[in-house]
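I opened a fresh page for this structure. The plan was to go from the whole chain down to single side chains.

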Amino acid sequence: MATKNRFSTAPRSGLGPWLGIAAIIVLIDQLTKITITKLFAYGESLPVTSFFNLVLVHNKGAAFSFLANESGWQRYFFTALGTAAAVFIVYLLKRNAGQRLFCWALALILGGAIGNVIDRGLYGYVIDFLDVHVAGWHWPAFNVADSTICIGAILFVLDELRRVNK
């Protein structure tokens with residue numbers, strides 16, 4: 001009599017693919033930051049289109065330079081917060097590895113969080129270089145890590161809306 005493997009019917013993927021996505025994001029984020037610091041002097045800007053520039057700036061705060069002008073404690077606070085978030089996200093990925101959209105969101109946020117934590121640890125600030133301005137609106141400069149965190153947050157909301165509508 002053949003026995004059925006109790007694990008064969010579960011459509012779950014492991015933690016590995018999600019950590020791989022996060023690692024790729026960290027790699028792209030760090031490579032772009034290294035490249036921009038090699039090519040630009042601090043504050044230097046290069047117009048690419050009528051609404052987009054490359055610029056090298058340092059952000060000692062959080063999103064939109066929140067707390068950037070504080071005395072330096074924010075470096076340790078945001079490093080600890082990013083590290084704690086990364087640990088919690090890995091826990092969530094492990095528990096929910098089979099939920100694709102949810103895990104995509106978490107993997108994107110994880111990669112972005114780690115990318116910015118690396119900057120804070122190495123330099124004491126986050127390297128930003130993407131500068132968007134449209135019709136008189138000018139967003140604070142950001143980076144690849146910030147972009148993936150935002151995309152991950154959008155996917156997280158979409159996943160939750162999908163779950164609520166079922």
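**Whole chain**

I began with burial: 35% of the 166 residues of the protein chain count as buried. I noted at once that this is a predicted model.

Next I looked up the secondary structure. The protein chain has four helices and four strands. Along the sequence they come in the pattern α-β-β-α-α-β-β-α.

Then I checked the contacts. I took those between residues at least 6 apart in sequence, and 65% of them join residues at least 24 apart.

I also computed the surface. The protein chain exposes about 10300 Å². Carbon and sulfur atoms supply 69% of that area.

**Salt bridges, helix α1 to helix α3**

I searched the whole structure for salt bridges and got five.

I started with Asp 29 and Lys 33. Their side chains meet in a salt bridge, at 2.8 Å from N to O. Both residues lie in helix α1, four residues apart, which is about one turn of the helix. Both are buried.

Which other residue does Lys 33 form a salt bridge with? The partner is Asp 119, with the closest N and O atoms 2.8 Å apart. Lys 33 is in helix α1 and Asp 119 is in helix α3, so this pair ties together parts that are 86 residues apart in sequence.

I wanted the burial values behind this pair. Lys 33 counts as buried because its relative accessibility is 1%. Asp 119 counts as buried because its value is 0%. The cut-off for buried is under 20% relative accessible area.

**Salt bridges in helix α4**

I moved on to Asp 159 and Arg 162. Their side chains also meet in a salt bridge, again 2.8 Å from N to O. Both lie in helix α4, three residues apart, about one turn of the helix.

Is each partner buried or partly exposed? Asp 159 is buried, with a relative accessible area of 1%. Arg 162 is partly exposed, with a relative accessible area of 43%.

I then looked for wider links. Asp 159, Glu 160, Arg 162 and Arg 163 are joined in a network of salt bridges.

**Aromatic pairs**

How many aromatic pairs does the structure hold? I found four.

One of them is Trp 18 with Trp 104. This pair is edge-to-face, 6.0 Å centre to centre, with 75° between the planes. The pair counts as edge-to-face because the angle is over 60 degrees. It links distant parts of the chain: Trp 18 is in helix α1 (residues 16-39), Trp 104 is in helix α3 (residues 100-123), and they are 86 residues apart.

I compared burial for the two rings. Trp 18 is buried, at a relative accessible area of 4%. Trp 104 is partly exposed, at 35%.

I looked up Phe 102 and Phe 156 as well. They form a tilted aromatic pair, 5.8 Å centre to centre, with 40° between the planes. This pair too links distant parts of the chain, with Phe 102 in helix α3, Phe 156 in helix α4, and their positions 54 residues apart.

Phe 102 counts as buried at 9% relative accessibility. Phe 156 counts as partly exposed at 36%.

What sits over the ring of Phe 102? I found the charged end of Arg 163 there, 5.6 Å from the ring centre. Arg 163 also belongs to the salt-bridge network noted above.

**Nonpolar patch**

I turned to the surface again and checked for nonpolar patches. Ile 154, Phe 156, Val 157, Leu 158 and Leu 161 make one of about 450 Å². Phe 156 therefore appears both in this patch and in the tilted pair with Phe 102, at 36% relative accessibility.

I picked Val 157 for a closer look. Val 157 is in helix α4 (residues 144-165). Val 157 counts as partly exposed because its relative accessibility is 45%.

**A loop residue**

My last entry is Ala 41. Where does Ala 41 lie? I placed Ala 41 in the loop between α1 and β1 (45-47). Ala 41 is partly exposed, at 46% relative accessibility.

I also checked a backbone separation. The C-alpha atoms of Ala 41 and Leu 56 are 6.8 Å apart, while the two residues are 15 residues apart along the chain.

Key
Residues are numbered from 1 along each chain as its sequence is written. This is a predicted model: local features need pLDDT of at least 70, side-chain atom pairs count only at pLDDT 80 or more; totals for chains, interfaces and linings use all residues. Side-chain values use heavy atoms; hydrogens and water are left out. Patches are made of residues with over 30% relative accessible area and no salt bridge: like charges are joined within 9 Å, nonpolar side chains (Val, Leu, Ile, Met, Phe, Trp, Tyr) within 5 Å. Accessible areas come from the Shrake-Rupley method with a 1.4 Å probe; for residues, only the protein chains shown count as cover. A salt bridge is a side-chain nitrogen of Lys or Arg within 4 Å of a carboxyl oxygen of Asp or Glu. Helices (H or I, at least four residues) and strands (E, at least two) are DSSP runs, numbered from the N terminus. Buried means under 20% relative accessible area, exposed over 50%, partly exposed in between (1.4 Å probe, protein chains only). Rings of Phe, Tyr and Trp (its six-membered ring) pair if their centres lie within 6.5 Å; planes under 30 degrees apart count as stacked, over 60 as edge-to-face and the rest as tilted. A charge sits over a ring if NZ of Lys or CZ of Arg is within 6 Å of the ring centre and within 35 degrees of the ring normal. Contact means heavy atoms within 4.5 Å.
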